[in-house]
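This report goes through one protein model, from the overall fold to single side chains. Please keep the sequence and the structure in view while reading.

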Amino acid sequence: MADKVIKKIILVLFIFLNVNLYSNFRRDINTGNKFFEQKKYDEALEKYNSAELKKPNSPVIYYNRANTFYKQQLYNEAIQEYQKSLGLTKDKNLKSKIFYNLGNTFLKLGDTKKAKESYIQGLLLNPKDEEIKYNLQYALMNIHQPQQEKSKKDDSKEDKQENQQNKQNQQKYMSQQDVQRLIETVTQQQKDKLKETLKPQKPQLPEVDKDW
């Protein structure tokens with residue numbers, strides 16, 4: 001009889017401690033998110049770090065921390081955190097967001113190939129996401145353009161104006177060739193999904209900085 005009472009007490013204490021721990025975890029995450037929205041990134045990181053101590057296997061921690069590193073232009077750190085988050089979640093919606101943000105991060109680093117691969121993975125998880133489609137098109141348009149050598153001298157004012165005009169005249173849609181080239185780079189299973197998802201179209205590309 002005494003053993004049963006002790007077991008019940010232990011069970012009640014266990015439940016209470018876990019509920020209290022979860023409550024504190026959510027408080028840290030919510031507070032961190034508020035700091036993030038206020039662009040107080042160091043304070044946000046402190047709260048996410050505190051949440052990690054309470055629930056280290058939560059993918060939300062690493063996703064939010066990655067977003068914070070991204071805003072601080074710490075792109076390599078952001079990639080590591082996104083990858084941690086990917087390894088901890090089975091949620092397709094969250095995975096799609098992570099791949100989308102990974103694509104944006106790789107674009108910031110100038111790695112259009114990895115950006116394209118990330119967008120493809122995100123699109124396969126969420127075929128209706130228009131922003132992933134548009135940014136994938138952006139990556140495709142840039143991945144085949146040869147990188148121009150940087151001039152040791154500053155461009156003249158006229159050169160800068162001409163370069164700006166050239167950027168404005170860049171193709172802003174996915175052509176049939178773009179679609180075919182993309183499909184040829186993926187597996188057969190991915191091909192079937194992408195054929196249903198991607199069609200030649202002429203959308204106005206969004207600013208790639210608007211990632212969150």
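## Overall picture

In this protein, 58% of the contacts with a separation of 6 or more are between residues 24 or more positions apart. The model is predicted. The protein has 10 helices and 0 strands, and read along the sequence the pattern is α-α-α-α-α-α-α-α-α-α.

The protein has 212 residues, of which 35% count as buried.

## Helix α5

Helix α5 covers residues 92-108. At 1.5 Å a residue, its 17 residues should span 24 Å, and the C-alpha atoms at its ends are 24 Å apart, so the expected and the computed span agree. At the N-terminal end, D91 acts as a cap for α5, with a side-chain oxygen 3.0 Å from the backbone nitrogen of N93. After α5 comes G110, which has a positive phi, near 80°.

α5 is mostly covered, with 12 of its 17 residues buried. Among them are L94, S96 and I98, and the buried residues also include F99, Y100, N101, L102, G103, N104, T105, F106 and L107.

## Helix α3

Helix α3 runs over residues 59-71. For its 13 residues, 1.5 Å a residue gives an expected span of 18 Å; the end C-alpha atoms are 19 Å apart, which agrees. α3 is followed by Q73, with a positive phi near 65°.

Because 11 of its 13 residues are buried, α3 is largely enclosed by the rest of the structure. The buried residues of α3 include P59, I61, Y62, Y63, N64 and R65, as well as A66, N67, T68, F69 and Y70.

## Nonpolar cores

Which residues have the most contacts inside the largest nonpolar core? This core has 26 residues, and those with the most contacts inside it are Y82, I98, L102, A115, Y119 and L136. The elements that give two or more residues to the core are α3 (59-71), α4 (75-88), α5, α6 (112-125) and α7 (130-143). α5 gives the most, with 7 residues.

A second, separate core has 9 residues, including F25, I29, F36 and A44. F25 also has a charge over its ring: the charged end of K55 sits there, 5.2 Å from the ring centre.

## Aromatic pairs

A pair of aromatic rings is described by the distance of the centres and the angle of the planes. The count comes to 4 aromatic pairs. One of them is formed by Y70 and Y75, whose ring centres are 5.4 Å apart; their planes are at 65°, so this pair is edge-to-face. Y70 and Y75 are both buried.

In another pair, the rings of Y100 and Y119 have centres 6.1 Å apart and planes at 45°, so the pair is tilted. This pair links distant parts of the chain, as Y100 is in helix α5 and Y119 is in helix α6, 19 residues apart. Y100 has a relative accessible area of 7% and is therefore buried. Y119 has a relative accessible area of 0% and is buried as well.

Leaving out residues up to four places away in sequence, Y119 touches F99, Y100, G103, N104 and L107, among others. The residues it touches also include I132, N135, L136 and A139.

## A buried polar residue

Is N101 buried or exposed? N101 lies in helix α5, and its relative accessibility is 1%, so it counts as buried. Its side chain takes part in polar contacts with two side chains named here. The contact between the side chains of N101 and Y63 is 3.3 Å, and the contact between the side chains of N101 and N67 is 3.3 Å. Y63 and N67 are among the buried residues of α3.

## A partly exposed residue

E43 is placed in helix α2, which covers residues 41-54. Its relative accessibility is 33%, so E43 counts as partly exposed; the partly exposed class lies between under 20% for buried and over 50% for exposed.

E43 and T31 are 12 residues apart along the chain. Their C-alpha atoms are separated by 9.1 Å.

Definitions and conventions:
Residues are numbered from 1 along each chain as its sequence is written. This is a predicted model: local features need pLDDT of at least 70, side-chain atom pairs count only at pLDDT 80 or more; totals for chains, interfaces and linings use all residues. Side-chain values use heavy atoms; hydrogens and water are left out. Helices (H or I, at least four residues) and strands (E, at least two) are DSSP runs, numbered from the N terminus. The expected span of a helix is 1.5 Å times one less than its number of residues. Buried means under 20% relative accessible area, exposed over 50%, partly exposed in between (1.4 Å probe, protein chains only). A polar contact is a pair of N or O atoms within 3.5 Å; within protein, one must be able to donate a hydrogen and the other to accept it, and residues adjacent in sequence count only if both atoms are side-chain atoms. A nonpolar core is a set of buried Ala, Val, Leu, Ile, Met, Phe, Trp, Tyr and Cys residues joined through side-chain atoms within 4.5 Å. Contact means heavy atoms within 4.5 Å. Rings of Phe, Tyr and Trp (its six-membered ring) pair if their centres lie within 6.5 Å; planes under 30 degrees apart count as stacked, over 60 as edge-to-face and the rest as tilted. A charge sits over a ring if NZ of Lys or CZ of Arg is within 6 Å of the ring centre and within 35 degrees of the ring normal.
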